[in-house]
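Work through the exercises below with the sequence and the model open. Try each task before reading its solution.

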Amino acid sequence: MTAQGPTRRTVLLAGAAATLLPQLPTPALAAAQAAANTVQPYASYWYPDSLPSGTPGTGITWNSLKTWTAATDADLAFNAAAVPLAARFTPTPANSTARSGQARIQSLVSFGPTSSNPSQGAATADYYALTHWSYLDELVFWGGSSGEGIILAPNAPIVDAAHRHGVPVLGNIFLPPVAYGGQLQWTRDLVQKDSDGHYPLAAQLVAVAAAYGFDGWFVNAETSGGNTALGIDMQGFVAELKSLAAAQGQRVTWYDAMTVNGTVSWQGALNSSNQAFFQAANDMFIDFRWSTSTLAASGTKADGLGRSRYELWAGVDVESNGSSTSVSWDAMVPTTKAHITSIGFYRPEWTRNHLPASRTPGDFHAADDRFWTGRSLDPSLPDSTDTWRAPAVSVADRSTVGGALPFASVFNTGHGLRWYEDGVVTSDVAWNHLGLQDRLPSRRWVVRTTGQRPTVTFDFADAWRGGSSVLVSGVLDQPATVDVYGSQLPIGDDTVVDLTFRTGSGSGSVNVELAVATDEPSSAGSTPPYTYLPVNSVNGVRAVTDVNGWQTVTVPLTGLSGTLHAIGVRLTAADASGSIVNWRLGGLAVRDVNDTQPPADPANLGITAATGGDLRFAWDAAPGAVRQYTLHRLLPDGTRRFLGGTCQRAFFVGGLQAEQGEQQAWFELRATGELYTASAPVTVAHTW
């Protein structure tokens, strides 16, 4: 799949970082652990049934999907997602051009290699840490290769982060072009029927997605040489896959490659050659060969079939040029009439990949913000001269910050240069793990001021918890309000908001106010009807807790009721003439005043496999709601070193070494609640 067809495909990858454990019954978990033949867990990939001839390359394991079972899946505990798909809603759009209920966005993303792709992230911050979930409706875990495997299950951290933001994730079925090693037998294997006329691999795919906790499959059949009989079998397979998937809350997307006569011929449209596949699936990715006229005809055809035209993703190849890609935007998302189709981005991880090897997390997020928000870097003020029509210009953002209290965020993006706890570095090792990502602000960054606009970014040089904070920097010559969250949170008599922040060195003093709105803005692009509550005003009306240079202030929402629709902060320089500010927001929580109870303890922490300093841990879940688990090493001097965190009940740590004179290494596991309160530790020792 490329803008020029398969001959331009130079990378056939997929993967991610993961960490995580399903809610397996104890006997099944024990069986899976006993079956493990390697300590390091990896993301899963398969062939449909028959395997290639010869032997796999170094680090590659050839597996047949047909013979897969959850009970014998040695790494399932580390690869299955734990966060359910969150409900989300659409706040009043930040600008007058972004629309709800029309075009949606699908992204096909390769997060890492197919084989040897660690389940639990890695000791590097250099990672495609996607954060602009609010514009996405579907994420495809893109990849696969003829020499490794062609059916890929997404890593659990990616699924957990996506689900936290209400985005379903699809695994990928990639039947490669012959030029890239594709074998027609794999297509025939996929659509084989049993004696009852059913498709056993359709049932297997649904079982995998259910066990791994993701949301369905992207079917990409590009192996040429088929005939009408194969085309008919593929239609039956997709229809049965969709039917079985629907019963599990899963979905199926079809890629415009194979036609109804079994040949491969990219149409760039919905037409009679692929209509049957579209009708069998939930939606379809239209190949890049589309034109203004073919998209218009495709939308009309979808309407005539009784389907939504927005179930068609018009492919936009951004792998090579990213936000410099030339796109006929009006063919998809015109500004003067209803949108024609939805948008399908192919390889938006360009925002990381095009940067030099010396790139930092800040470099990546700057490029990613440019891609999703536009040149203005403020979705409330889109740049009409920008030739790149960023998603924020056309598509209304969504939020999952709703439902019951409490809600909390420390603005953790899922990667970092260090790990912080209460403002102190507890690990100086760079890391990535999207499963630890918070629910992040959906529109970044809206700044409302009549003066100079300060810069707002995720920053990795300092944090309250996790790996990042929100940094507001620049000249503050007029008050500036930063929109932080669109929300639908209930306000009760005892509801309070906690803000944790600090003012950096070289910064002028800043007066901080909490901005809260109990109604939506009057129209798209309007300012929420904020009420401003003092936080650390010059009168010092709030009690402040100071820990390691970070201040935490609890602000009661006294006198307010109903629903909290928007949360922000207003900053005013103490110097009336304006000054340079360097102010960080490290944490925000909305809770009932007495809601501080830590979660219950996990139990039965054990080391289930060990090879040298590579260890697998497993434990029983803590009862009740748990945000994540954290694992620390207790050092001989009594200090604790952070080793990692996960949403599941299993974790892998590699490369540990004995401290000087240490006979045993001790480890502590804690459950972390929504408000980042921690349980008492449970411990286990490993003898060197």
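**Exercise 1. Cavities**

How much space lies in the largest cavity? Then describe its lining.

Solution. The model is a predicted one.

Step 1. The structure has four cavities of 30 Å³ or more, and the largest holds about 120 Å³ of space.

Step 2. Its lining consists of 15 residues, and those closest to the centre are Arg443, Gly486, Pro528, His565 and Ala566.

Step 3. Assign the lining to elements. Strand 19 (480-491) and strand 25 (562-573) are the elements that give two or more residues to the lining of the largest cavity. Strand 19 gives the most, with four residues.

Step 4. Sort the lining by class: eight residues are nonpolar, three are polar and four are charged.

**Exercise 2. The second largest cavity**

State the volume of the second largest cavity, and find which residues lie nearest its centre.

Solution.

Step 1. The volume of the second largest cavity is about 70 Å³.

Step 2. Its lining has 13 residues; Ser134, His165, Arg398, Leu440 and Ser442 lie nearest the centre.

Step 3. By class, four of the lining residues are nonpolar, six are polar and three are charged.

**Exercise 3. A pair of helices**

At what angle do helix 5 and helix 6 pack, and which residues make the contact?

Solution.

Step 1. Locate the two helices: helix 5 covers residues 200-212 and helix 6 covers residues 228-247.

Step 2. Their axes are 9 Å apart, and the packing angle is about 35 degrees. The crossing of helix 5 and helix 6 is right-handed.

Step 3. List the contact residues. Helix 5 contributes Leu201, Ala202, Ala203, Leu205 and Val206, while helix 6 contributes Phe237, Leu241, Leu244 and Ala245.

Step 4. Classify them: nine are nonpolar, with no polar and no charged residue in this contact.

**Exercise 4. A sheet of four strands**

Give the strand order of the open sheet that contains strand 29, and explain why strand 30 and strand 33 each have one side without a neighbour.

Solution.

Step 1. In general, the strands of a sheet pair through backbone hydrogen bonds, in parallel or antiparallel fashion.

Step 2. Here the order is 30-29-32-33, and the pairing is antiparallel.

Step 3. Strand 30 (640-646) and strand 33 (682-687) are at the edges with a single partner strand each, so one side of each has no neighbour in the sheet.

Step 4. From one strand to the next, the twist averages 25 degrees.

Step 5. Look at one pair in detail. Strand 29 (residues 628-634) and strand 32 (residues 664-672) are joined by seven bridges. Within this pair, Leu631 stands opposite Leu669 of strand 32.

**Exercise 5. Backbone exceptions**

Which residues does the cis peptide bond with omega of about 5 degrees join, and which does the one with omega near -15 degrees join? What is the phi of Phe411?

Solution.

Step 1. Start from the usual case: most peptide bonds are trans, and most residues other than glycine have a negative phi.

Step 2. The cis bond with omega of about 5 degrees joins Leu405 and Pro406. Pro406 is in the loop between helix 11 (391-394) and strand 11 (407-409).

Step 3. The cis bond with omega near -15 degrees runs from Arg444 to Trp445. Trp445 is in the loop between strand 15 (431-432) and strand 16 (447-448).

Step 4. Phe411 has a positive phi, near 60 degrees. Its place is the loop between strand 11 and strand 12 (415-416).

Methods
Residues are numbered from 1 along each chain as its sequence is written. This is a predicted model: local features need pLDDT of at least 70, side-chain atom pairs count only at pLDDT 80 or more; totals for chains, interfaces and linings use all residues. Side-chain values use heavy atoms; hydrogens and water are left out. Two strands pair if DSSP finds at least two bridges between them. Axes are lines fitted to C-alpha atoms, for helices over the stretch in contact, and angles run from 0 to 180 degrees between N-to-C directions. A crossing is left-handed if the near helix is turned anticlockwise from the far one by less than a right angle, and right-handed if clockwise. Contact means heavy atoms within 4.5 Å. On a 1 Å grid over the protein atoms alone, a cavity is a set of points where a 1.4 Å probe fits but cannot get out, and a pocket is an open set with protein on both sides within 12 Å along at least five of seven lines; lining residues have an atom within 4 Å of a point. Grid points are joined across faces, edges and corners, and a volume is the space filled by probe spheres set on the points. Ala, Val, Leu, Ile, Met, Phe, Trp, Tyr, Cys and Pro count as nonpolar, Asp, Glu, Lys and Arg as charged, and the others, Gly among them, as polar.
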